[in-house]
Amino acid sequence: MRVTDHGFTVGDGVFEAVKVVENEPFALTRHLARLARSARGLGLPAVDLAEVRRGVEEVVAGQDLPLGRIRITFTGGEAPLGSGRGGEPPTLVVVADVMNPWDGPTAVATVPWPRNERGALAGLKTTSYAENVIALARAAELGASEAVFANTAGNLCEGTGSNVFYVIDGELRTPTLDSGCLAGISRGLVLEWYGAGEIDEPVEVLQRAEEIFLVSTTRDVQGVHRCDHRALEAPGPVTQEVAAMWAKKERENLDP
């Protein structure tokens, strides 16, 4: 990739982060389908998924990755400086590295900047991550490992790199995709394997939730012991059930 690649100069690209378990990618087919959807949503050329699979196989081959992460990046390719795209072919980059598991429950902090559920990038996994960088830095200042966004309607949306689940009156809930949150692979699997109500409600609902947990490629199912200044039981009984289900199902869904 050259420094004039549109993904580098203006963030004109999409990506996927794929978990690796014992040298095998987890839920790769689902990740590739979302990569293709994000590319279409950004107006990029069609992704050659067979080529991406070959890239994944070549990168993982010969490595020792008991637990790792693959990063697949697909950009607009070489272009003149500025927002306008050029006529060059897109760029595909596949890399892999070891990944350290998260240690126990975590803290989250809500941040004042909203996700725009009506924006051009809503629901797309793009390389334009500066908003997440700022929000995550604010969360770190508050002693949290994840920032949680509301959307422009004031409803709970998502974390910088995770989807949020919570329990109200014993019912597991998560925001709908209309909230503007990413259709997370882990989110979809929890809904498929365990089930939850998809509902949009004000972000303040977290202040009365009995349990909160995050799901993502790197976190799996991670309980939340503090949301802003409020302490919670973590992992709570529902979180424990979902985490146990995840551990059982994960190896059944390794997808070469």
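**Group meeting talk: helix 5, strand 6 and the nonpolar cores**

Hi everyone, let's start with helix 5: its buried residues pack against helix 2 (28–42), strand 8 (163–168), strand 9 (171–174), strand 10 (197–198), strand 11 (211–216) and helix 6 (237–250). Please keep in mind that this is a predicted model.

Which residues of helix 5 are buried? They are Ile 185, Ser 186, Arg 187, Leu 189, Val 190, Leu 191 and Trp 193. That makes 7 of the 9 residues in helix 5, which spans residues 185–193, so the helix is largely enclosed by the rest of the structure. If you follow the chain just past the end of helix 5, you meet Gly 195, which takes a positive phi of about 95°.

Now let's turn to strand 6. This strand covers residues 146–150, and 5 of its 5 residues are buried. As a reminder, in a regular strand the side chains alternate between the two faces of the sheet. Here, Glu 146, Val 148 and Ala 150 lie on one side, with Ala 147 and Phe 149 on the other, and both faces are covered.

What are the neighbours of strand 6? On the one hand there is strand 5 (residues 106–110), which runs parallel to strand 6 and is joined to it by 3 bridges. Within that pairing, Ala 147 of strand 6 has Ala 109 opposite. Helix 4, residues 130–141, joins these two strands in a right-handed β-α-β unit. On the other hand there is strand 7 (residues 156–159), which is antiparallel to strand 6, again with 3 bridges. There, Ala 150 has Leu 156 as its bridge partner. The hairpin of strand 6 and strand 7 has 5 residues between the strands, and in it Gly 154 has a positive phi near 85°.

Last topic: the nonpolar cores. The largest one holds 19 residues, and the members that touch the most others are Val 14, Leu 35, Val 52, Val 56, Ile 70, Ile 72 and Phe 74. Strand 1 (13–21), helix 2, helix 3 (49–60) and strand 3 (67–75) each give two or more residues to this core. Helix 2 contributes the most, with 5 residues.

Let's zoom in on Val 14. Leaving aside residues up to four places away in sequence, its contacts include Leu 35, Leu 42, Ile 72 and Phe 74, and also Lys 125, Thr 126 and Thr 127. Apart from this core lies another, of 17 residues, including Phe 26, Phe 165, Phe 213 and Val 215.

Thanks for listening, and I'm happy to take questions!

Key: Residues are numbered from 1 along each chain as its sequence is written. This is a predicted model: local features need pLDDT of at least 70, side-chain atom pairs count only at pLDDT 80 or more; totals for chains, interfaces and linings use all residues. Side-chain values use heavy atoms; hydrogens and water are left out. Buried means under 20% relative accessible area, exposed over 50%, partly exposed in between (1.4 Å probe, protein chains only). Helices (H or I, at least four residues) and strands (E, at least two) are DSSP runs, numbered from the N terminus. Two strands pair if DSSP finds at least two bridges between them. A crossover is right-handed if, with the strands pointing away from the viewer, the path from the first strand over the helix to the second runs clockwise. Contact means heavy atoms within 4.5 Å. A nonpolar core is a set of buried Ala, Val, Leu, Ile, Met, Phe, Trp, Tyr and Cys residues joined through side-chain atoms within 4.5 Å.
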